[in-house]
Amino acid sequence: MKDLLECTALITGASSGIGAEIARQLAPLAERLILVARREDRLIDLARELKSINPAVTIEIKVADLAQLSEAESLCDWVFEQGFALDLLINNAGVGDHGPFESADWNRVEEMLGVNISALTYLSHRLVPLLRRNRPGAILNISSMASLLPIPGMGVYAATKAYVSSFSEALRAELRGSGVGVTHVCPGPVKTEFGRVAKRRGTAGFADATSDLLDVAVEDVAREALRAVVRDSARVFPGVLIKVAAIALAVIPLFVLRLGFERRVEQMRPRSARDTSYASDIDAESDLS
């Protein structure tokens, strides 16, 4: 895309975190923003905020639980029925889980697979023809630095993000010359509710095993992601230290990484064998909400 002026963008997981921040940064530029998430009250609050930023922007709210493929189907049907001239699809909705795979709640695992892989793939499949029709257009997929390596305690999550990165690269190659670009962004630790919700009580989350030096502000992640879309970049790692870490991970042999995995396994062991449930005092849900 040459720029983002007067674009129509659909953002999943728009009620919090990276999705909400992307919406804030697009608000002064966009003609229409389609906000998709599970929590209607948060979407309404965000819509008010965006209208205060730019009274001229049109805000559409669509409540959907993308863990259910039927709701992803209904969302796409609605987009076509409304006749939106979509320019930008932002697949941001995501679910995480930090803790041993053996003790994971299977419903949570299914939710991760459904949102991180199935919904993202389905929305891309259904909406690529619409993006081609209104080219130039773009798809922005939110992956993760976790996509670069298997991470004990985040095995399923990291695998889903490896899928997102691989799928994004393949789709980008297929769409080259079509007027539709595909970009995926791989953030490291970001201070949003996502990490707190993904963490099980009594276990160490990803943020617990990383240095605060690697933290990147959500505003910076959104800004670099949108700049990458404008430049039609294939992949971006927001933050200087994250870029350095990504380069290092690409050259470190796997047998060396395995030594670090052993240490991480010790860190993530529950402090109490009975205390591995999700934190009940966290009212927020995942970024799909």
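Two aromatic rings, drawn from Phe, Tyr and the six-membered ring of Trp, form a pair if their centres lie within 6.5 Å; planes under 30 degrees apart count as stacked, and planes over 60 degrees apart as edge-to-face. The model considered here is predicted, and by this rule it contains 2 aromatic pairs.

In the first of these to be described, the ring centres of Trp-78 and Phe-84 lie 5.3 Å apart and the planes stand at 70°, so the arrangement is edge-to-face. Both Trp-78 and Phe-84 are buried. The other pair joins Tyr-163 and Phe-167, whose ring centres are 5.8 Å apart; because the planes meet at 5°, this pair is stacked. Tyr-163 and Phe-167 belong to helix α5, which spans residues 155-175, and because they are 4 residues apart there, about one helical turn separates them. Tyr-163 has a relative accessibility of 30% and therefore counts as partly exposed.

These pairs sit within a protein of 9 helices and 7 strands. Of its 289 residues, 54% count as buried. The accessible surface comes to about 13,200 Å², and carbon and sulfur atoms contribute 52% of that area. Among contacts with a separation of 6 or more, 77% are between residues 24 or more positions apart in the sequence.

Confidence in the prediction remains to be considered. The average pLDDT of the protein is 87, and 83% of the residues score at least 70. Over residues 205-209, however, the pLDDT is below 50, and this stretch has 12 contacts in the model beyond near neighbours in sequence. Residues 273-286 also have a pLDDT below 50, with 34 such contacts. Where pLDDT is low, predicted coordinates should not be read in detail.

Methods. Residues are numbered from 1 along each chain as its sequence is written. This is a predicted model: local features need pLDDT of at least 70, side-chain atom pairs count only at pLDDT 80 or more; totals for chains, interfaces and linings use all residues. Side-chain values use heavy atoms; hydrogens and water are left out. Helices (H or I, at least four residues) and strands (E, at least two) are DSSP runs, numbered from the N terminus. Buried means under 20% relative accessible area, exposed over 50%, partly exposed in between (1.4 Å probe, protein chains only). Contact means heavy atoms within 4.5 Å. Accessible areas come from the Shrake-Rupley method with a 1.4 Å probe; for residues, only the protein chains shown count as cover. pLDDT is the predictor's confidence in each residue, from 0 to 100.
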